[in-house]
Every structure is written in structure tokens, then in C-alpha cells.
Amino acid sequence: MKTCTLGIVSDIHYASAAEQARGNNYEFRDIHNPLLRTALRCHRRFVWLREPLGQNYLLDKFLEGAGALDYLVANGDYSCNTAFIGVSDEAAWQSARECLEKLRNRFGGAMQANFGDHELGKLSFVGGRGGMRLESWRRARQDLGLTPFWRVEMGSYVLIGVVSSLIALPVFEPDTLRGEWPEWNRLRAEHLEEIRQAFGALDPQQRVLLFCHDPSALPFLAREETVRAKLPQIEQTIIGHLHSNLIFRQSQLLAGMPAIGFLGHTMKRLSTALRAARDWRPFNVRLCPSLAGIELVKDGGYYTAELDLEARRPARFELHRLPRQQKRERVERF
């Protein structure tokens with residue numbers, strides 16, 4: 001039996017020196033409302049990630065421990081996006097460049113790097129700062145060498161990578177500048193046509209591993225007739241973005257909840273995505289956690305998958321945990 005070992009890593013969130021200089025409080029220090037500032041600070045400290053700019057060592061641990069992989073897929077979010085405008089921010093661009101250089105030096109041409117939302121920018125969790133920028137799209141493509149749509153054949157398997165922020169663009173309209181909206185729509189239409197052609201060209205015996213950073217895009221893909229007709233051939237859809245399987249499981253429990261429009265942009269976007277989360281199921285979704293996981297459960301890591309190139313059996317996935325540096329956590333101060 002011919003096999004191939006595939007590595008999958010997501011949400012590395014590497015921080016260059018320029019991003020680190022902004023401090024771990026970059027998200028909440030400019031919030032004037034003390035209650036809101038304290039709430040976000042506690043969310044960072046106890047739930048999400050206490051030191052978002054201090055996790056670079058986990059990339060080194062991954063590179064040291066990944067072993068002999070035949071191919072690697074990195075599923076987006078290479079920087080910390082501390083200015084919230086993607087890699088059009090010089091500091092975020094430096095982070096993504098350094099991160100991708102380390103990956104490419106280790107794996108050479110045997111890898112694909114997918115787009116995440118941090119490459120393009122998005123509004124901050126609170127405060128309405130930042131957003132998607134076309135300059136980030138240009139720099140991600142030209143300067144970082146990211147390919148919006150890619151397709152790799154491995155025996156009877158077809159690996160397909162897509163840009164979730166483009167597919168789910170209607171959800172992200174508030175994140176865009178008004179003058180850039182028509183061009184974003186043009187890019188989305190172009191991207192969807194590439195996806196239709198790829199799924200339409202699948203042979204009946206081929207199996208698909210779909211890489212889509214943000215699962216918010218999946219309900220939009222389900223509306224595409226060509227994709228919907230080939231859903232039985234999608235063996236797994238690998239997502240990132242949610243960082244932790246705890247968050248992924250909670251999103252499944254909340255699938256179908258009503259959209260909440262009176263608590264600001266972020267809550268509306270999150271609740272709208274959860275309302276449509278029932279449409280994730282036919283895609284056979286598997287979350288690849290961030291390398292750091294979340295503070296609450298510290299469940300970060302990466303995946304390997306053994307592919308039977310004749311697809312006589314499903315791919316065998318194994319999750320590899322990356323323990324945090326406990327000594328660092330004991331000496332940090334809140």
C-alpha cells in the first residue's frame with residue numbers, strides 16, 4: 001500500500017520584533033470604557049491567550065518535532081495582526097514573512113500556505129479598529145507568495161485550498177472600505193469560479209481534503225451547485241480560526257442560534273456564523289488547533305495524516321499536542 005504523510009499546522013500567530021514592541025495589551029489598552037477594557041483583559045488572561053505575542057517558540061518546537069513529512073499544509077494566520085489591517089501593516093508583514101521563511105526553509109517546495117483572515121485584516125474584537133485591506137491582499141500574494149486557490153493531487157486524493165474571507169465576503173462587508181468593496185466582489189467572483197471548475201473536474205474515484213481557514217465560508221460553498229454535488233467526495237474539511245476544539249464543540253452546540261444585531265459588529269458577525277453552522281456538517285469538518293491552543297485548556301498542537309494514495313481507506317489523522325513552557329507562565333504578571 002502506497003502512503004503519504006501529510007502535516008497540517010494552523011494559526012501560528014508568529015510575532016516579529018516590531019509586533020512584539022506593541023505589547024501584549026495591544027488589543028485593550030486604547031479602550032476608554034474601564035468595564036469593557038477589564039472584561040477584554042480577563043478574556044485574554046483566563047480564556048483566550050494571555051501572551052499572544054510570546055508564542056514564537058511553539059513554531060520552533062513544531063519544526064523540530066514534525067519529523068519526516070512528505071508534505072505540509074499551513075492553514076493560515078501567520079502573524080498576530082496587531083494593527084488589525086493584515087499584512088499591509090509593516091510589522092504584521094514582517095511576522096508573516098519570518099514565519100513563512102521558517103516553514104519554507106524546513107519543507108522547501110513540499111508545502112502549501114493557505115490564506116487566513118489575519119493576512120487580509122479584520123475589525124478588532126471591540127472598538128471597530130482595522131479591517132480588510134486590498135493592499136494586504138496584494139502584499140500577501142506578491143510579497144509573501146500566497147496563492148488564493150491551489151490544488152495538489154496525491155494519488156486518489158486531491159488537496160484543495162481556498163480563501164475563506166473571500167468566500168464569506170458578505171459577512172465581512174463591514175470590515176471593508178467602501179471604495180474597495182467593488183474590487184473585493186470581483187475577486188470573490190473570480191475565486192468562486194476557480195472553485196466551481198475544480199470541483200466540476202473531479203473524477204468519481206477522487207477524494208478531497210479541503211483546506212478552509214474560517215468555517216464561516218462553508219455555508220456559502222454549500223450554495224454552489226457544483227460543490228454541493230461533490231460533497232460526498234469531501235472526506236475531510238480542515239479548518240483553523242477557532243484555535244481550540246473546545247470552541248469548535250461549543251460552536252456545534254450553538255448551531256442555528258438567531259443572529260444578534262444589537263450588541264455590536266463582532267457579536268452580529270459571530271452569531272450570524274453560528275446561525276449557519278448547521279451547514280458545516282456535510283463538509284466533515286475537522287479543526288486543526290492553533291499551536292498555542294487557548295489559555296483555558298492549553299490544547300494547542302498540529303496534525304499529521306497518513307493518506308492511502310489509492311484511497312482504499314480513509315486518511316488516518318493524529319493530533320500532536322505542543323506543551324507550553326510552564327516556567328514562563330509562572331513568572332509572568334497579570
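**Figure 1. Threonine 304 in strand S9 of the predicted model.** Threonine 304 is buried, since its relative accessible area of 11% falls under the 20% limit used for that class. This residue belongs to strand S9, which covers residues 301-308, in what is a predicted model. Along the sequence, 299 residues separate threonine 304 from threonine 5, yet the two C-alpha atoms are 6.7 Å apart in space. Leaving aside residues up to four places away in sequence, threonine 304 touches Thr5, Leu6 and Gly7, together with Leu69, and also Arg316, Phe317, Glu318 and His320. For the protein chain as a whole, contacts between residues 24 or more positions apart make up 78% of those with a separation of 6 or more.

**Figure 2. The open sheet that contains S9.** Five strands, in the order S3-S2-S1-S9-S10, build an open sheet with mixed pairing. At its edges are S3 and strand S10 (316-321), each of which pairs on one side only. On average, and with direction ignored, neighbouring strands of this sheet are turned by 20° against each other. Within the sheet, strand S1 (residues 3-9) and S2 run parallel and are joined by four bridges, and glycine 7 has leucine 72 of S2 opposite to it. The protein chain to which this sheet belongs has ten strands and twelve helices.

**Figure 3. Helix H4 and the elements that cover it.** Helix H4 comprises 18 residues, 90-107, and the distance from its first C-alpha to its last is 25 Å, close to the 26 Å expected at 1.5 Å a residue. H4 lies across S2 and S3, and runs at about 165° to S3. The buried residues of the helix are Ala91, Ala92, Trp93, Ser95, Ala96, Cys99, Leu100, Leu103 and Phe107. Among the elements that cover these buried residues are strand S2 (71-74) and strand S3 (111-113), as well as helix H1 (17-20), helix H3 (56-65) and helix H5 (134-142). After H4 comes glycine 108, which has a positive phi near 60°. In the protein chain as a whole, buried residues make up 57% of the 334 residues.

**Figure 4. The packing of H3 against H4.** The axes of H3 and H4 are 11 Å apart and enclose an angle of about 10°, which makes H3 roughly parallel to H4. From H3, the residues that make the contact are Leu59, Asp60, Phe62 and Leu63, while H4 contributes Cys99, Lys102, Leu103, Arg106 and Phe107. Sorted by character, the residues of this contact comprise six nonpolar and three charged ones, with no polar residue.

**Figure 5. The hairpin of S4 and S5.** Strand S4 (residues 150-154) and strand S5 (residues 157-162) pair in the antiparallel sense over five bridges, and methionine 154 stands opposite tyrosine 157 in S5. Two residues lie between the strands of this hairpin, in which glycine 155 takes a positive phi near 60°. S4 has a covered face formed by Trp150, Val152 and Met154, whereas Arg151 and Glu153 form the uncovered one. In a regular strand the side chains alternate between the two faces of the sheet.

**Figure 6. Strand S6 between S5 and S7.** S5 and S6 pair in the parallel sense over six bridges, with leucine 159 opposite leucine 209 in S6. S6 is also joined to strand S7 (residues 234-239) by four bridges, and these two strands run parallel as well; here phenylalanine 211 has isoleucine 238 of S7 as its bridge partner. Because five of the six residues of S6 are buried, this strand is largely enclosed by the rest of the structure.

**Figure 7. Glutamine 206 in the loop that leads to S6.** Glutamine 206 is placed in the loop between helix H7 (181-200) and strand S6 (207-212). Its relative accessibility is 6%, and the residue therefore counts as buried. With residues up to four places away in sequence left out, glutamine 206 touches Arg151, Glu153, Ser156, Val158, Ala201 and Gln233. Among these partners, Arg151 and Glu153 belong to the uncovered face of S4.

Note on methods. Residues are numbered from 1 along each chain as its sequence is written. This is a predicted model: local features need pLDDT of at least 70, side-chain atom pairs count only at pLDDT 80 or more; totals for chains, interfaces and linings use all residues. Side-chain values use heavy atoms; hydrogens and water are left out. Buried means under 20% relative accessible area, exposed over 50%, partly exposed in between (1.4 Å probe, protein chains only). Contact means heavy atoms within 4.5 Å. The expected span of a helix is 1.5 Å times one less than its number of residues. Two strands pair if DSSP finds at least two bridges between them. Axes are lines fitted to C-alpha atoms, for helices over the stretch in contact, and angles run from 0 to 180 degrees between N-to-C directions. Angles under 35 degrees count as roughly parallel, over 145 as roughly antiparallel, 65 to 115 as roughly perpendicular and the rest as oblique. Ala, Val, Leu, Ile, Met, Phe, Trp, Tyr, Cys and Pro count as nonpolar, Asp, Glu, Lys and Arg as charged, and the others, Gly among them, as polar.
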